[in-house]
Amino acid sequence: MPRRMRQPQAFTMIELLVVISIIGLLVSILLPSLAAARHSTRYVQAASVMRQMYMSVALYGSDSHGAFPYFATPRDPFGPVVVNGVDLRRAQGRYYAPQASYWPSLLRRYISGRPQLPQRDAMIPVGERFGLSPDRNDEVLFTRFELSYTVFSAPEEWYADETPRIRSYYRGTNWDEIRFPSQKGLLVDIHWLSREVLRTGIPTLSFTMADGATDRMRWEDMKDDLVYRRGAVTIMPVMSTR
């Protein structure tokens with residue numbers, strides 16, 4: 001007689017639950033690793049762009065007798081902050097913030113192409129917001145890679161915890177006023193500040209120093225180098241400027 005073929009047996013409920021539990025455990029182990037890998041990749045991409053933008057500042061300085069970009073009114077922190085015919089004071093702040101965020105508008109010819117970050121440009125054209133025609137939109141560029149506030153005023157301004165009321169301090173500065181380039185924060189990625197605070201509650205900032213090195217610093221490790229100005233904090237280590 002032909003042999004009777006054995007019918008395949010189905011999983012029992014207990015076996016199915018065990019398999020599901022094992023899969024869930026593996027997923028819970030792998031997901032943080034994948035998230036960390038994506039976070040690290042985004043940091044590496046941003047660091048690469050920061051170095052490219054640092055080079056544009058260095059090239060500008062070599063063509064401008066060592067000066068940093070500056071488009072405010074010297075000796076007048078309440079005066080016009082004009083770049084390519086646009087007064088940026090109504091964008092944000094009066095003196096420091098517009099220069100720190102819109103400095104690429106003055107350096108377009110030193111920046112190769114349009115540096116790209118995941119899903120966005122490193123420099124966002126915003127000229128139309130200020131009434132410029134569409135063909136002039138890229139004459140005003142916003143970036144999340146802020147230039148240090150300390151390059152828009154004399155080093156003496158950062159000696160005290162209170163803002164000194166000396167108008168001559170409000171001026172552009174030069175590379176040769178930096179004492180220790182390896183300790184001077186020149187560019188900072190403010191995007192990472194908000195992300196890290198939301199994710200961990202402990203901000204970690206990505207810096208490019210004046211010597212070109214790019215690294216990350218914990219807020220807690222640089223508290224002594226922060227300077228408070230009327231409720232605002234300069235997000236830059238300024239000790240080497242002093």
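**Exercise 1.** Describe the place and the surroundings of Thr 214.

*Solution.* Thr 214 belongs to strand β10, residues 214-218, where strands (E, at least two residues) and helices (H or I, at least four) are DSSP runs numbered from the N terminus. This is a predicted model, in which local features need pLDDT of at least 70 and side-chain atom pairs count only at pLDDT 80 or more, while totals for chains, interfaces and linings use all residues. Residues are numbered from 1 along each chain as its sequence is written, and side-chain values use heavy atoms, with hydrogens and water left out.

Next comes accessibility: Thr 214 counts as buried because its relative accessibility is 12%, given that buried means under 20% relative accessible area, exposed over 50% and partly exposed in between (1.4 Å probe, protein chains only). Leaving aside neighbours within four places in sequence, Thr 214 has contacts (heavy atoms within 4.5 Å) that include Tyr 43, Met 50 and Phe 207.

**Exercise 2.** Examine the salt bridge between Arg 167 and Asp 76.

*Solution.* A salt bridge requires a side-chain nitrogen of Lys or Arg within 4 Å of a carboxyl oxygen of Asp or Glu, and by this rule the count is six. For Arg 167 and Asp 76 the N to O value is 3.3 Å. Arg 167 lies in the loop between β7 (145-147) and β8 (185-189), and Asp 76 in the loop between α1 (13-63) and β1 (82-83), so the pair ties together parts 91 residues apart in sequence. Arg 167 is partly exposed at 46% relative accessibility, and Asp 76 is partly exposed with a relative accessible area of 24%.
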